[in-house]
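Colleague: I am new to this structure. Please pick a single part and take me through it closely, then work outwards from there.

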Amino acid sequence: MNKPVCCKYEVTLRVDGLFSLKSKRSLVGRLKAVLGTRWKVCVCESHRQDDLKYIGLTIAYLASTRNQAEDILHRLGVALEEESNGIIESSELSTC
């Protein structure tokens, strides 16, 4: 039996069209709710909190195998870009 893989995914999204921190917080809250509900992952806004052009998130999740972890990572990236209408500027996956 394989040992589960604990993953930490740090991602920075560039999002244009936000004109206030209030609208950014609303978008971040929606992203956290969608990802948490749909993907059963833990999400927090971890960096770039006062920057209107960027959203910095850290996402933690468990996977059965390294291949499944990478598949989840790819699908999370697609979902993030679709839900935010943004572009992933940088990302890093690490295991814990």
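**Lys 24 and what surrounds it**

Modeller: Start with a polar pairing: a polar atom in the side chain of Lys 24 lies 3.3 Å from the backbone oxygen of Gln 49. Keep in mind that this is a predicted model. Lys 24 sits in helix α1. Is Lys 24 buried or exposed? Lys 24 is buried, because its relative accessible area is 0%, and anything under 20% counts as buried. Its more distant sequence partners can be listed too. Leaving out residues up to four places away in sequence, Lys 24 touches Leu 18, Glu 45, Arg 48, Gln 49, Asp 50, Asp 51, Tyr 54 and Ile 55. So Gln 49 appears both as a contact of Lys 24 and as the owner of that backbone oxygen.

Ile 55 leads on to the core. The largest nonpolar core has 24 residues. Which of them touch the most other members? They are Leu 35, Ile 55, Leu 57, Ile 59, Tyr 61 and Leu 80. Four elements give two or more residues to this core: β1 (5–14), α1, β3 and α2. The most come from α2, which gives six.

Take Leu 80 from that group. Setting aside residues up to four places away in sequence, Leu 80 touches Tyr 9, Val 11, Leu 13, Leu 31, Leu 35, Leu 57 and Ile 59. Leu 35, Leu 57 and Ile 59 are on both lists: they touch Leu 80, and they are among the core residues that touch the most other members.

Now the two helices. The axes of α1 and α2 are 11 Å apart, and the helices pack at an angle of about 145°. The crossing of α1 past α2 is right-handed. From α1 come Leu 27, Arg 30, Leu 31, Val 34, Leu 35, Arg 38 and Trp 39. They meet Arg 75, Leu 76, Ala 79, Leu 80, Glu 83 and Ser 84 of α2. By class, this contact has eight nonpolar, four charged and one polar residue.

Each helix is followed by a loop worth a look. Lys 40 is in the loop between α1 (21–39) and β2 (42–47). Asn 85 is in the loop between α2 (66–84) and β4 (87–95). Most residues other than glycine have a negative phi. Lys 40 has a positive phi, near 55°, and is not a glycine. Asn 85 is not a glycine either, and its phi is positive at about 55°. Are these two residues buried or exposed? Lys 40 counts as exposed because its relative accessible area is 66%. Asn 85 is exposed as well, because its value is 68%. The cut-off for exposed is over 50%.

Back to α2, for Ala 69. Ala 69 is buried, because its relative accessible area is 0%. Apart from neighbours within four places in sequence, Ala 69 is in contact with Val 5, Cys 7, Tyr 61 and Ala 63. Tyr 61 is also one of the core residues that touch the most other members. How far apart are the C-alpha atoms of Ala 69 and Cys 6? They are separated by 8.5 Å, though the two residues are 63 apart along the chain.

Next, the strands. Thr 58 is found in strand β3 (residues 54–63). Thr 58 counts as buried because its relative accessibility is 15%. Its side chain makes a polar contact with the side chain of Ser 46, at 2.7 Å. Beyond four places in sequence, Thr 58 touches Lys 8, Tyr 9, Glu 10, Cys 42, Val 43, Cys 44 and Ser 46.

Lys 8, Tyr 9 and Glu 10 come up again with Glu 92 of strand β4. These three are the contacts of Glu 92 once neighbours within four places in sequence are left aside. Glu 92 is exposed, because its relative accessible area is 53%. Its C-alpha is 15 Å from that of Val 78, and the pair is 14 residues apart in sequence.

Thr 95 is also in β4. Thr 95 is partly exposed, because its relative accessible area is 46%. Not counting residues up to four places away, Thr 95 touches Val 5, Cys 6, Cys 7 and Arg 66. Thr 95 and Arg 66 are 29 residues apart in sequence, with C-alpha atoms 9.5 Å apart.

Terms used: Residues are numbered from 1 along each chain as its sequence is written. This is a predicted model: local features need pLDDT of at least 70, side-chain atom pairs count only at pLDDT 80 or more; totals for chains, interfaces and linings use all residues. Side-chain values use heavy atoms; hydrogens and water are left out. Buried means under 20% relative accessible area, exposed over 50%, partly exposed in between (1.4 Å probe, protein chains only). A polar contact is a pair of N or O atoms within 3.5 Å; within protein, one must be able to donate a hydrogen and the other to accept it, and residues adjacent in sequence count only if both atoms are side-chain atoms. Contact means heavy atoms within 4.5 Å. Axes are lines fitted to C-alpha atoms, for helices over the stretch in contact, and angles run from 0 to 180 degrees between N-to-C directions. A crossing is left-handed if the near helix is turned anticlockwise from the far one by less than a right angle, and right-handed if clockwise. Ala, Val, Leu, Ile, Met, Phe, Trp, Tyr, Cys and Pro count as nonpolar, Asp, Glu, Lys and Arg as charged, and the others, Gly among them, as polar. A nonpolar core is a set of buried Ala, Val, Leu, Ile, Met, Phe, Trp, Tyr and Cys residues joined through side-chain atoms within 4.5 Å.
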